[in-house]
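Biologist: I should like to discuss the salt bridges and the packing of this protein. Please reason through each point before giving the value or name requested.

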Amino acid sequence: MLGVPLVAIALNEVIERLQRQNIPLVETLQHLRNLVLPFLTAWLVMRQILTLNPSGNLSRAIESLFWVVIMYTGLSFLNTTLTTRKKPKAWQIRLPKLYLLLAKASVILLIGVQIFSNIWQIDLAHITTALGVGSLVIALALKDTLGNLVSGFLLLLERPFQEGDWIKFSQRTGTSFDGEVIEMNWRYVRLKTRNRDIIVIPNAELGQTTFENYTLLNPIHAERVFLKFSHNDLPNQVIDILQKAALETPGIVAEPEPKTRIKEYGDFFISYEMKIYINDYPKKDDVRGDLLKRIYYAIKRHKLTIPLSTQIDYSLDQALLKSEVPQERVLEYLEALPYLAFLDPSTINKLARSAIVEEYGVGECIVKAGNLDKGFFIVWDGCVRLSVKNFQDKEQEVFRLSSGDCFGEMSLLAGQSSLATVTVVQDLQAVVIPTGVIIDLAEHSAKFALEINRLIEERDKAIKLIQGIRKPY
């Protein structure tokens, strides 16, 4: 008479507080207050006050309903505290779906045994015997299903993979495919492939074959790229160019360092093998494509030769070996630039003869802040951005240069490093004048030297302004 009202009042207070804090346990406590407590009260009244016979049908029915609402409340508690989602909340426990089903089945089975055996005095031994006789027939009929169930248990116990992992599955027929594990249950595993298709693999088949897990212990994955170059291209030069392209490609880690080696000598080529390491396997194809794009532009800049299976005779003059753009066009372009217009024709002609036209792809870094400039660059076509690290140590854009603009001005100052990092934002075609030639020009042309000095001061002022920003108070 005193305990039940006190418990009800306490439950009301707890429920109100949890509702204000938006805690999902409210639903379970409401079941305790609205279902369990009334049936418990009725059962206690019948047993302790009315002293009804416990073996009577009414007493058994009330007690059975009491255990049913206990089961319902227990299942509600499991649904609240246990979850199969990839990102559970802080107060939830993440379990495989099969474990959650087993937990619910255990609650139902235990309470079912309590109701039928202890309350209604039904001898379950005879039922178990009858089920045992028929279980053999059922097992034979459901052989594959039971095999999937047992394999599912073993996979969940050993945990060779989990949801979110990328695995490569090899069938016994010899075919293989890879995908992300999106679901594991008692019967099958679902994979989502790179083509966004869903593949369903029975647990029994998965337990009898081999598979590779790319993300279980270490997310770093090795990828191989094979390339062929002419015998005329020096191997050390080729390896250096490939190594640099790999290290500058986003997604390729510097540790372990990419490896490039000669694989074999062919009749008209040297085959190279690149071994790169990436830390995000799902983006493997994107990283590989970005690397090949950077290698393409590096090949064009350094005039490497990709051999063909057929023989081709080349007849190139010295000018075209340095640039695919005719010298006359380079000369015309330099003559049209306002900061070179005051130079005499012989000086501009000397610049054009020494210049090289280089091409860079989007995302390539031409020079990093703190490193020496590679020469004096004049943008012919495309766009680059000059950026520095601000007070938050984050890369921030300072200038964006397009056709006619120049960078690499620090090459005129011997030993001075670049003020900013230069990155390509639109495929670039640039006229590159060697450092020695541009220094010689500045020494013989005071007006050009003043123009470049003004440019250096302007960019240095803008860079210092960004680096000197402080957080507002």
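Modeller: By the distance rule applied here, the count of salt bridges comes to 19. The model is a predicted one.

Biologist: Which residue forms a salt bridge with R194, and which parts does the pair tie together?

Modeller: The closest N and O atoms of the pair are 3.7 Å apart, within the 4 Å that a salt bridge requires. R194 lies in the loop between strand 5 (188-192) and strand 6 (198-202), while its partner lies in strand 4 (residues 176-184), so the pair ties together parts that are 16 residues apart in sequence. The partner of R194 is D178.

Biologist: Is D178 buried or exposed?

Modeller: R194 has a relative accessible area of 28% and is partly exposed. For D178 the relative accessible area is 17%, and the cut-off for burial is under 20%. D178 is therefore buried.

Biologist: Which residues are linked with D178 and R194 in a network of salt bridges?

Modeller: The pair D178 and R194 forms a salt bridge, and both residues also belong to a network of such bridges. The other members of that network are E223, K284, D285 and R288.

Biologist: What separates D290 and R294 along helix 9?

Modeller: The side chains of D290 and R294 meet in a salt bridge at 3.6 Å, N to O, and both residues are buried. They stand four residues apart in helix 9 (residues 284-302), so their separation is about one helical turn.

Biologist: What is the relative accessible area of K283, which forms a salt bridge with D280?

Modeller: In this pair the closest N and O atoms are 3.9 Å apart. D280 counts as partly exposed at 30% relative accessibility. K283 is also partly exposed, with a relative accessible area of 48%.

Biologist: What distance does helix 14 reach from its first C-alpha to its last?

Modeller: Helix 14 (residues 446-467) has 22 residues. At 1.5 Å a residue, the expected span is 32 Å. The distance in the model is close to that expectation, at 31 Å.

Biologist: Where around helix 14 do its buried residues lie?

Modeller: The buried residues in helix 14 are F448, I452, L455, I456, R459, I463 and I466. They cover an arc of only 100° around the axis, which means that they lie on the same side of helix 14.

Biologist: Which exposed residues does the face of helix 14 turned away from the buried side carry, and what covers the buried residues?

Modeller: The face turned away from the buried side carries A446, K447, L450, E457, K461, K464 and L465, which are exposed. The cover over the buried residues of helix 14 includes strand 13 (376-389), strand 14 (395-401), strand 15 (406-407) and helix 13 (435-444).

Biologist: Which residues does T28 touch, leaving aside those up to four places away in sequence?

Modeller: T28 has its place in helix 2 (residues 26-49). At 7% relative accessibility, T28 counts as buried. The residues that T28 touches are T73, S76, F77 and T80.

Biologist: For the protein as a whole, what share of the contacts with a separation of 6 or more is accounted for by residues 24 or more positions apart?

Modeller: The protein has 14 helices and 16 strands, and 37% of its 473 residues count as buried. About 27,700 Å² is exposed, with carbon and sulfur atoms supplying 57% of that area. Among contacts with a separation of 6 or more, the share from residues 24 or more positions apart is 67%.

Key. Residues are numbered from 1 along each chain as its sequence is written. This is a predicted model: local features need pLDDT of at least 70, side-chain atom pairs count only at pLDDT 80 or more; totals for chains, interfaces and linings use all residues. Side-chain values use heavy atoms; hydrogens and water are left out. Helices (H or I, at least four residues) and strands (E, at least two) are DSSP runs, numbered from the N terminus. Buried means under 20% relative accessible area, exposed over 50%, partly exposed in between (1.4 Å probe, protein chains only). The expected span of a helix is 1.5 Å times one less than its number of residues. The arc is that of the directions from the helix axis to the C-beta atoms. Contact means heavy atoms within 4.5 Å. Accessible areas come from the Shrake-Rupley method with a 1.4 Å probe; for residues, only the protein chains shown count as cover.
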